[in-house]
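Trainee: I am new to this structure and would love a close look at a single part. Could you walk me through one strand and its surroundings?

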Amino acid sequence: MHKLLTNQPGERMLLLGNEAIARGAIEAGVAFTSTYPGTPSSELSLNFFQISKESDLYFEYSTNEKVSVEVAAAAAACGVRSMAMMKHVGLNVAADALMTLAYVGVKGGMVILTADDPAMFSSQNEQDNRYYAKLSGLPMLEPSTVDEARAIVAYAFDLSEKLQEPVLLRTTTRINHSSGAVTLGDIRPRRTKGSFTKDPLNLVPVPVVARKLHVKLLQNLAKARELSEQSPYNIVEGRGRWGILCNGVSYNYVKDAVAELKIADQVTILRIGFSHPLPVRMIQNFLKGCEKVLVVEEGEPYLEESAKTYAQEAGLTLPIRGKAPDLFSQLYEYDPAMVRKHIAACFGLSYTAPAQVDLSDVPPLPQRPPTLCAGCSHRATYYEVRKAAEGLDTVFPSDIGCYTLGLLPPLSMADYLLCMGSSTGTVGGFSKACDRKVISFIGDSTFFHSGIPGLVNAVFNNHDLTLVILDNGITAMTGHQPNPAVDMAQLKLEGYGRVSIEAVVRAIGVPHVTVIKPYKVKKSIDAIKEAVAFKGVSVIISQELCVLYANSLKLPRRKPFHVSDKCRNHRDCMDHLACPAFYVWEGRIKIDANLCTGCALCAQICPENAILPVKDAAKKG
Amino acid sequence: MDTKRLVMVAVGGQGNLLASSVLGEAALLAGVPMRMSEIHGMAQRGGVVESALIFGDAQSPIISDGDADVLMGFEPAETLRALGKCNARSVVITNLAPLMPFTVNIGMGVYPDLKKLQEMIRAKTARLIAFNATTLAREAGNVLSVNMVLLGALTQTGVLPLTAEHVKAAMRRKTKAAFLDGNLKAFEMGVAAAQNS
């Protein structure tokens, strides 16, 4: 049995934040779950995927976040408790659905999880999604700890049903990817089937209906604000005259700082866990009791600006500080020492930070950026495109996935990137606005997510470009989730359809379509040359299974290679490919047989044909 | 309860996530409050994986520069890179087997000298335990048990409020049965290595 289905209330378990949220949803009787995977939310959906295989929980990997919100919204319209989860930028994709879903509302509880990523550990921006709550008018909840992340989910579902609208649950990476002890609660039975009652004058927002629904949304907002005033997730601690207003993971840094600075008697902490709509009276009462307030919140000054507004309305003039050159920044994530230092500075405490070791004599260390895996087929495709385009003045728009790592030398194959699916749009702009050959790259999952409209656009507007679809048979970057092109039979899963990328591309009317096998270097280069020479839209589909995924499927492994005596140390392999299986020993390139996957890319480009398969069964370097 | 903070750094694939999971389970068994956080989005792509483990009453799930009681590095250059987490009272444990970053191989950086690296860490911190954990893991029967060797060394220092029994009991629950004997052997070799260093 999946550990998150353990029906022993009171038992303590060490869980990852994402597991705790999944457990919270199971306890709340969630019956319908959907996602497009994105770090730091991915393990949450992985757990639902696993649980759905052994229970009547419905789970799907949707093609993108907007679709995941739409399917979950319809389930909730039938009275079924549903949850859609995504990373912060995923909510941008789902925003169109979200904004009007706020008007249309739900019947069964619906929770939309947005996992924000301050410091951008694995994201292209660090937008603060609390503003989506304000923009949509929907309630938002934010836990501070792993155990609270479990508990708050049931509260979110109840709140959603009370208000008949979806609730946004916002986490940050340090909640999703933290672990802590969690006390299991009762599991409420799942209701997997509901019923839909036709009610077009409330559910079909044509203008006359929408005008009425916006009134309802504002009424709901007022109701929600009263619930926020009473919420157990908005907490006041202490009775001191120094106020600290905080949220999310920052609350922990505040608690530790207050303990270490020994100022618990002087401080009042207001922790906001119900962050939209904010409890105005509660904040005003808090401000009234303080002579000075410091706001500790990662990201934008969301609480700070609200607190200043509420202070003005209450005629209060106390200093409220937060984001400032000498205090907190909107950049990156906070940490305990930073919060300790700023609390001390804000309230005039003398405080000396513990002496960190002196690093002035430490030599510059070589960087260790994440890189494409040994034997990754993207490396082969990149090499081949580079070769095929030799002599051409090129621009390489890229997209979001493992292959974005191709931006690093020696491959250096990414010139421009905005968001999921952007490569198929930006490539057209470059092709019109500059006189260079434009070749863009997109992965299989990203193509389905939001790459298709850009390609349709390119065909319709007759752009001159080459799009390379890197089809490695799985959504690799986020941990091998299925996508519509994946052969689900390989995963021993039944009941799925399968969409052929090639059929989609041809159906769009792309005039020049080629499928290549990137481990066949010469053939691939020839095919790419032809596609690149084509005037108009050409598409290359480069098909090869992700090596990590192939390993997880226990597919037969290829023999590793070694560098033989014929090597004349040209170093083309290292200089053009830099596969992580290479290492340098006494000035010569060697191949680590434990890392080599036998893709034979280097063997095919070696000018001396010096790289050969390891003959005997025993692996050696 | 006194708070003890452990920073673990490794290269993706070295098994530090399992090491943290064993320590988390050990804390649960010992009744020690524990929080940890990990950045592992790129773990399988050869990047650096850093874990923060906090034992005791503190609530924060991360560790600031200068706040670590113990720094444990699975790879020597990564240990040095994370040295800013330490103060003069910190204990540092490091594997001495280098994993060459590809940037060095393509001439974009120089790997630090291992002798100087140890001198530097020793001079700046309270105690350095440095040995080739990869060799010991191989001797224990599985080169992938570097994490268990290092857990042995960590337990020997006595800095964390966990006994060897807690950690071994957690290993029984968290590591695969087929590897348990080898892992326990690796753990004991780590204990011995720390005693002798």
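Mentor: Happy to; here is a look at strand β13 of chain A and its neighbours. The model is predicted, so local features need pLDDT of at least 70, side-chain atom pairs count only at pLDDT 80 or more, and totals for chains, interfaces and linings use all residues. Residues are numbered from 1 along each chain as its sequence is written, while chains are lettered from A and ligands numbered from 1 in the order in which they are written.

Strand β13(A) covers residues 292-296; strands (E, at least two residues) and helices (H or I, at least four) are DSSP runs, numbered from the N terminus. Four of the five residues in β13(A) are buried, meaning that 20 or more other C-beta atoms, placed from the backbone, lie within 10 Å of a residue's own.

Now to its partners. Two strands pair if DSSP finds at least two bridges between them. Strand β10(A), residues 242-247, runs parallel to β13(A) and is joined to it by five bridges. Here A:Val296 of β13(A) has A:Cys246 opposite. Another parallel partner of β13(A) is strand β14(A), residues 320-321, with two bridges between them. In that pairing, A:Arg321 of β14(A) stands opposite A:Leu294.

From β13(A), the chain reaches β14(A) by way of helix α12(A), residues 302-313, in a right-handed β-α-β crossover. Right-handed says that, with the strands pointing away from the viewer, the path from the first strand over the helix to the second runs clockwise.

Terms used: Buried ≥ 20, exposed ≤ 12 C-beta atoms within 10 Å, placed from the backbone.
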